[in-house]
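Let us take a walk through a protein model together, one piece at a time. Keep the picture open beside you and look for each part as we come to it.

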Amino acid sequence: MMDGFTGFTPEGLAFLRGLAAHNDRDWFNENRAVYDDQLKPGLAALIIATSKAMAARGLPLAGDPKSSQFRLHRDTRFSKDKRPYKAHVSGTLTRDGQRMSPGMVYIHIEPEPVGGIDPLALPDEPHGHGPFAAVGFYLDERADIDAIRAAIARDPAGWARVESALARAGLRLDPGTPAKRMPRGFEVQAGTPIEAAIKRTRWIVSRPLGEAEVLASDLPDVVAGLAADARPLLDFGWTALDRA
């Protein structure tokens, strides 16, 4: 698969279903050949192919086939949930190729849930809800969050154009976990049309992926197409962070 992305395999998705049902080291070790031989190299090939698809669209987003993947092992040190493995594989593409740089594409591969995917219910805690791709700004640093807030406050008309462009593409900002009160320094925006945007702590759009898309060789073009539709959001956020 490293020579080109040909789609994930039914065996790979079956492995993830099995891992969700039997999340222990014995089951994983007995079945890990599917992960080592199909899922991990498949994700690497997807990252390479999607990077090329981004470049073809003039999008400054790329990933490394190894370092852009998230580990399958969960960090259980500070969690009551001691299951050792995630039941999905995932990776990112960013401006500088670093896995967690602001303004990214996130690709999440797991089987569809029983009953199918609710396209309006991509959650804050994504696992267990099926495959999807997301684009935007998932930020940890308060300074970065406030930089985007300041850009919205400084150019509300520009932000309105971003929201309009997303709506024309059929995209909506994920609800996230907005602040309950107006953030410090932005009180003057209370009651204005940009209040909801200022209260956000992240700015992300997402698209569910059907299993047929996950199994198909044109998945890189599907993900790159989402990023192209979300380009106004990326450009606005990158400009805000670069200015800060």
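A good place to begin is helix α7, residues 219–229, which lies across β2, β3 and β4 and runs at about 35° to β3. Keep in mind as you look that this is a predicted model. Which residues of α7 are buried? They are L219, P220, V222, V223, A224, L226 and A227. There is a general reason why such positions recur along a helix: an α-helix has 3.6 residues a turn, so residues three or four places apart point the same way. The buried residues of α7 pack against α2, β2, β3, β4, α6 (211–214) and α8.

Now turn to the sheet that α7 lies across. Strands of a sheet pair through backbone hydrogen bonds, and they can do this in a parallel or an antiparallel way. Here, 4 strands form an open sheet in the order β1-β2-β3-β4, and the pairing is antiparallel. β1 (89–93) and β4 are at the edges with a single partner strand each, so one side of each has no neighbour in the sheet. From one strand to the next, the twist averages 20°.

Let us begin at the β1 edge. β1 pairs with strand β2, residues 104–109, in the antiparallel sense over 5 bridges. You can follow the pairing residue by residue: V89 has I109 in β2 as its bridge partner, and G91 stands opposite I107 in β2. Is β1 mostly covered or uncovered? It is mostly covered, with 5 of its 5 residues buried. Both of its faces are covered, with V89, G91 and L93 buried on one side and S90 and T92 buried on the other.

At the other edge, 7 bridges join strand β3 (residues 132–138) to β4, and these two strands run antiparallel. One pair to look for is F137, which stands opposite W203 in β4. In strand β4, residues 202–208, 5 of the 7 residues are buried, so β4 is largely enclosed by the rest of the structure.

Next, zoom in on one residue of the sheet, V105, which has its place in strand β2. V105 counts as buried because its relative accessibility is 0%, and the cut-off for buried is under 20%. What is V105 in contact with, leaving aside its neighbours within four places in sequence? The contacts are M54, L61, G91, T92, L93, A134, V135, V223 and A227. Two of these names should be familiar, as V223 and A227 are among the buried residues of α7. V105 and L233 are 128 residues apart in sequence, and their C-alpha atoms are 12 Å apart in space.

Another residue to find is S51, in helix α2 (residues 25–56). S51 is buried too, with a relative accessible area of 12%. Its side chain reaches the backbone oxygen of I47 at 2.8 Å. Beyond its neighbours within four places in sequence, S51 is in contact with L61, A62, G63 and L93.

From the end of α7 we can step into the loop between α7 and α8, where A230 has its place. A230 is buried, with a relative accessible area of 0%. Not counting residues up to four places away in sequence, A230 touches V135, L166, L171 and V205. A230 and V135 are 95 residues apart along the chain, while their C-alpha atoms are separated by 6.8 Å.

That brings us to the helices themselves. Two packed helices are described by the angle between their axes and the distance between the axes. For α7 and α8, the angle is about 60° and the axes are 4 Å apart; these helices are therefore oblique to each other. Where they pack, A227, A228 and D229 in α7 meet R231, P232 and L234 in α8.

Helix α8, residues 231–243, also packs with helix α3, residues 142–154, at an angle of about 110° and with axes 9 Å apart. α3 and α8 are therefore roughly perpendicular to each other. In this packing, α3 passes α8 in a right-handed crossing. Which residues of α3 meet α8? D144, A147, I148, A151, I152 and R154 do, and they meet F236, G237, A240, L241 and R243 in α8.

Methods:
Residues are numbered from 1 along each chain as its sequence is written. This is a predicted model: local features need pLDDT of at least 70, side-chain atom pairs count only at pLDDT 80 or more; totals for chains, interfaces and linings use all residues. Side-chain values use heavy atoms; hydrogens and water are left out. Buried means under 20% relative accessible area, exposed over 50%, partly exposed in between (1.4 Å probe, protein chains only). Two strands pair if DSSP finds at least two bridges between them. A polar contact is a pair of N or O atoms within 3.5 Å; within protein, one must be able to donate a hydrogen and the other to accept it, and residues adjacent in sequence count only if both atoms are side-chain atoms. Contact means heavy atoms within 4.5 Å. Axes are lines fitted to C-alpha atoms, for helices over the stretch in contact, and angles run from 0 to 180 degrees between N-to-C directions. Angles under 35 degrees count as roughly parallel, over 145 as roughly antiparallel, 65 to 115 as roughly perpendicular and the rest as oblique. A crossing is left-handed if the near helix is turned anticlockwise from the far one by less than a right angle, and right-handed if clockwise.
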